[in-house]
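Trainee: I am new to this structure and would be grateful for a close look at a single part of it. Please take me through that part step by step.

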Amino acid sequence: MAAPRSCALWSYCGRGWSRVMRGCQLPRLRSSWPGGPLGARLLSQEKPTTETHFGFETVSEKEKGGKVYQVFESVAKKYDVMNDMMSLGIHRVWKDLLLWKMHPHPGTQLLDVAGGTGDIAFRFLNYVQAQHQRKQKRQLRAKQNLSWEEIAKKYQNEEDFLGGSHVMVCDINKEMLKVGKQKALAQGHKAGLTWVLGDAEELPFDDDKFDIYTIAFGIRNVTHVDRALQEAHRVLKPGGRFLCLEFSQVNNPLISRLYDLYSFQVIPVLGEVIAGDWKSYQYLVESIRRFPSQEDFKEMIEDAGFHKVTYESLTSGIVAIHSGFKL
Ligand SMILES: COc1cc(O)cc(C/C=C(\C)CC/C=C(\C)CC/C=C(\C)CC/C=C(\C)CC/C=C(\C)CC/C=C(\C)CC/C=C(\C)CC/C=C(\C)CC/C=C(\C)CCC=C(C)C)c1O
Ligand SMILES: C[S@@+](CC[C@H](N)C(=O)[O-])C[C@H]1O[C@@H](n2cnc3c(N)ncnc32)[C@H](O)[C@@H]1O
């Protein structure tokens, strides 16, 4: 059964995530809440500023969204080239693996949240198109008596190429979407693709609408991860699948040392040299360290109401793919 909306609060405490059951809608209090009469007055009169993190910085929850927006507004134009440079192309393999896990069929309705410049969406369209073409070829081979005109007609309808599949790319950042739309034009993707400006925490879609929900390298940036997960659950059809590709916890001590060295000593430098933006890439590596482990994130997904939650760690746990179903 789905957890009631905003009932479970996850707060980051020191090294790990601890779950605090909330008596519904109580704000998260600062640890150094002022005591005494002033404190009592504040408690009765003022809404406390709820704090969260932005990388290693402590910021108010209100501030975080704006800061994340600035990061992606600033990196949007260099985003794709940075990813190839920083990861030596490995991020492409991780994204391909997400698609293989999803294994969408023609007709699948996908919602890709925090979809940015469209990497997941384009892979989805290529995948379902290839699937659909294979299916059509099989059907055509079975119906040997079709005329050439009939065969040509079957291939003319662009929508038909996808067998009714559709991907909705939803992202909060206009600049990221702008780059994504330009890429779509350049790669010839027109059919089966819609771009929507929207917040993962308050999705602009009806309940029970999508077969699959994906979020790749996005959930780490969201202020209330629990709300984003609840929204994912809400918009999926019963039987629908949640898939998340995100940085995770490295499980090999030697690789972990190299990884730290590379993350903190190299990535911000690359950010500065290639994108002229040290701070955004410092935020990237810090936000990775703030994100819960594979097991803790699995629990959060279960708390949002998903079933059969599993994960697969890739590249020694540098990233993981989490999967869950809405039953
Ligand atoms: C602002 O927010 C963001 C901005 C973005 O552009 C992207 C994101 C979201 C992220 C993605 C969409 C994914 C793509 C981006 C990344 C993978 C960048 C993040 C990178 C890390 C957290 C570090 C780990 C990266 C990898 C494992 C990818 C592979 C990279 C290498 C193997 C590096 C090799 C580099 C060299 C040999 C160049 C020379 C380097 C040095 C001299 C420094 C010292 C090098 C080492 C100590 C070796 C590095 C070793 C490792 C990183 C461990 C290797 C692990 C295995 C082989 C398993 C976004 O939110
Ligand atoms: C690292 S990018 C990932 C883009 C793409 N999914 C990929 O794999 O390349 C993170 C994206 O999350 C988006 N984002 C951050 N907070 C968001 C939110 N609350 N709702 C929707 N998108 C958000 C950013 O605008 C950015 O485009």
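**A helix across two strands, and the sheet around them**

Mentor: In this predicted model, helix α7, residues 174–187, lies across strands β6 and β7 and runs at about 165° to β7. Those two strands are parallel, and five bridges join β6, which spans residues 166–171, to β7. One such pair links Cys 170 to its bridge partner Val 196 in β7.

Both strands belong to an open, mixed sheet of seven strands, ordered β7-β6-β5-β8-β9-β11-β10. Strands β7 (193–197) and β10 (307–314) stand at the edges; each has a single partner strand, so one side of each is left without a neighbour in the sheet. From one strand to the next, the twist averages 15°. A further helix, α5 (residues 119–142), lies across β5, β6, β7 and β8, and its direction is at about 180° to β6.

The annotated positions come next. An unreviewed UniProt entry lists Thr 117, Asp 171, Asp 199 and Ala 200 under "binding site". Asp 171 lies in strand β6. With 24 other C-beta atoms within 10 Å, Asp 171 is buried, because 20 or more count as buried. Leaving aside neighbours within four places in sequence, Asp 171 is in contact with Ala 114, Gly 115, Gly 116, Met 176, Leu 177 and Leu 197. Asp 199, by contrast, lies in the loop between β7 and β8. Asp 199 has 18 other C-beta atoms within 10 Å and is therefore partly exposed.

Terms used
Residues numbered from 1 in each chain as written. Chains lettered and ligands numbered in written order. Predicted model: local features only at pLDDT ≥ 70, side-chain atom pairs only at ≥ 80, totals over all residues. Pairing = 2+ DSSP bridges. Helix = DSSP H or I, 4+ residues; strand = E, 2+ residues; numbered from the N terminus. Axes fitted to C-alpha atoms, helices over the stretch in contact; angles between N-to-C directions. Contact = placed C-beta atoms within 7 Å. UniProt positions renumbered as here; feature names shortened; annotations may be inferred. Buried ≥ 20, exposed ≤ 12 C-beta atoms within 10 Å, placed from the backbone.
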